[in-house]
Amino acid sequence: MAIVRMDKFMAIGIDAAREPLMTQLMELGVTELNSQKDRLNDDEWSAIVTGERRESAVSKLEARINAVSGVLKTLDAFDTSKKPLFRSRRTIDEHTFSEQIEGLSAMEADADKVLSLMTSIKELQNETNKIETAIIGFAPWADYDIPLETYGTESSCVNIGMMPSETDIGIVQSAIEEKTDMFELAVVSEDADSKYVYAVYHKEAAEAVGEALREYSFGEVVFKDIEGTTADNIARCEAERAALADGMRQAEESLAAMAEHKESIELYHDYLVIERDRAQAADRMLITERTFYLDGWVPASASEALGALLARHGCYYEITAPEKDEETPILLKNNEFIEPVEIVTSLYALPSSKEIDPTPVFALFYICFFGIMFADMGYGAILAAVSFVLVRSGKMEGTARKFIKQLGYCGVATFIWGMVFGSFFGDLVSVASATFGDGTAVLDPLWFDPVENTMYMMVFSCIVGLIHIFVALGVKAHLLVRDGKVAEAIGGVFLWYALIPGLVFLLAGDSLFAGASTVGLWMTILSAGGIIVVPMFAGKGAKRLSGFMNLYGIVGYLSDVLSYMRLLALCLAGSVIAEVFNMLAGMSASGILGIIPFILIVFASHIFNFLMSGMGAFVHSIRLQYVEFMGKFYEGSGIAFEPFMRKTEYIRIVKEDV
């Protein structure tokens, strides 16, 4: 339906044309090159061809790309220029790109200079951390004035250490005095965990003092290879830290100065990406001493351009349609309105080449469901306006642009359903009117208020759900008939079109119209009988009885219809939360100055409700497509078309000046 038709191609050329051909194939950007591993494992092929292995070159380029990416992240942190909310690729033409690449050595030098500065800063930071750790270690001993390398004299011993904070030094001193009086024990400092103490004692009392200290959990502290007093060492460390800080400041200033080279380094990064992708593509070619072979896929619309390029390089080539039932890479192509919703399909799975693209079928349902669940004119206007500004800014491209654009569609739907249900930031109009006016201003719904007419909203949700399910079954019937499975289409789809409404008529009775019960009864009997009988004539073996099991599917359809109650639930949840917040804002307003808390509460609360309700609407509208809709007919086993092209991150290369 919207799957681009693919052609197969193969090409054989002389070795001299290989590099220029690969360059122009990348610039053309319309071919997907197949892997040649199977052929290399085939004895017949491997006898005459080899693969060009460039793993080493690819690995080196990958490492360089990662390094340059780190450089750009660092420069971005030091770049003080104004940055856009959303980064977009710069556009340059082919000629400008080629000219700037001639300065490749300067770009490499700039990147290497930044890498060197980054390494210096890292080393300086490591040294600073060591110094700060040393200062922390010295801090408790700041008042200890004995040189740290001194652990005694000819007749005395000096020990420093730690004891638990709850230790009573007086008790420790008394315990030592019982054994000797040739000692001094004092506290240097203490914190929540420990007491930092020193002990000076005569060598003859070493055993007695040591035994007493150990009894009170004394842990000796030793400063290895440290000379001078603690104060001297702290001063030295602080001087070193200041010098390191100065060195780091100079390195950071140099990095800030290098920020002006960021654009050229970005171009260098993308040049490396292009070279890596070209090296990787070489693995998808087979070569001999003088020739090369490659094959792959190309959109049928680009086959002529590919053929002209291959012919220009003197290649023998064939471009053919795929075999019947042969799986091809998947590329979706829809009109400008449907294209943004493709992201919903891609998040689930791409269709196989035997299926259809479901995006055009469910796109309106997805947008409509989002609008019903989010239904509010204020929220819809904000979502649509923000999306419009972002898309029009030209800063968004690719998947991000699609996502923002489809949110804009959802914003429009939200505004429309807000008008239908009479919601503008909940009931803000009536609350504001009652709080600051005479209460006569009321926003009436174009149709009905879901909060006041919950049953009506429930019936509406079920009807919308039935329509959604019937459309999905219609797609299923189309695929079955297309594949020649008419009987399955009759038993699996068309008879259900009669059975489900028949049950509705039967259960609702004559409240719908006169004779509804009778009509519903006959519709139910005939369609249920058909569901049982059709497989008896069309099936084989045990499948003849599959109709009985198929009829049990009525339970599944009932469950599916009930799933659409989420339309009711999320719509009511968002509306009720908004009304509660508005009520709180109204209660907070008193007098003329009451408008200030009123505005603050309304602003903060509706931001919260906007984010939470919007997220719920997004998730559940997608869920209804994935489970209730695609679950009826969709397998989604397709593999995305991956063209060999310039996949740059910072620049977009065009063929003409812009």
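This note covers internal cavities and aromatic contacts in a predicted model.

1. Local features need pLDDT of at least 70 and side-chain atom pairs count only at pLDDT 80 or more, while totals for chains, interfaces and linings use all residues. Residues are numbered from 1 along each chain as its sequence is written, and side-chain values use heavy atoms, with hydrogens and water left out.

2. The whole structure holds two cavities of 30 Å³ or more, a cavity being a set of points on a 1 Å grid over the protein atoms alone where a 1.4 Å probe fits but cannot get out, with lining residues having an atom within 4 Å of a point. Volumes, meaning the space filled by probe spheres set on points joined across faces, edges and corners, are about 70 Å³ for the largest cavity and about 50 Å³ for the second largest.

3. The lining of the largest cavity includes Met373, Phe374, Asp376 and Cys571, whereas the second largest is lined by residues including Tyr144, Pro147 and Ile160.

4. Phe374 also forms an aromatic pair with Phe610, at 5.6 Å centre to centre and 50 degrees between the planes, which is tilted (ring centres of Phe, Tyr or the six-membered ring of Trp within 6.5 Å; under 30 degrees stacked, over 60 edge-to-face, the rest tilted). Phe374 is buried, with a relative accessible area of 5% (under 20% buried, over 50% exposed, partly exposed in between; 1.4 Å probe, protein chains only).

5. Phe403 and Phe618 form an edge-to-face pair, 5.8 Å centre to centre with 85 degrees between the planes; Phe403 is partly exposed at 29% relative accessible area, while Phe618 is buried at 18%.

How values were computed. 1 Å grid on protein atoms, 1.4 Å probe; cavity = no way out; pocket = protein on both sides within 12 Å on 5 of 7 lines; lining within 4 Å.
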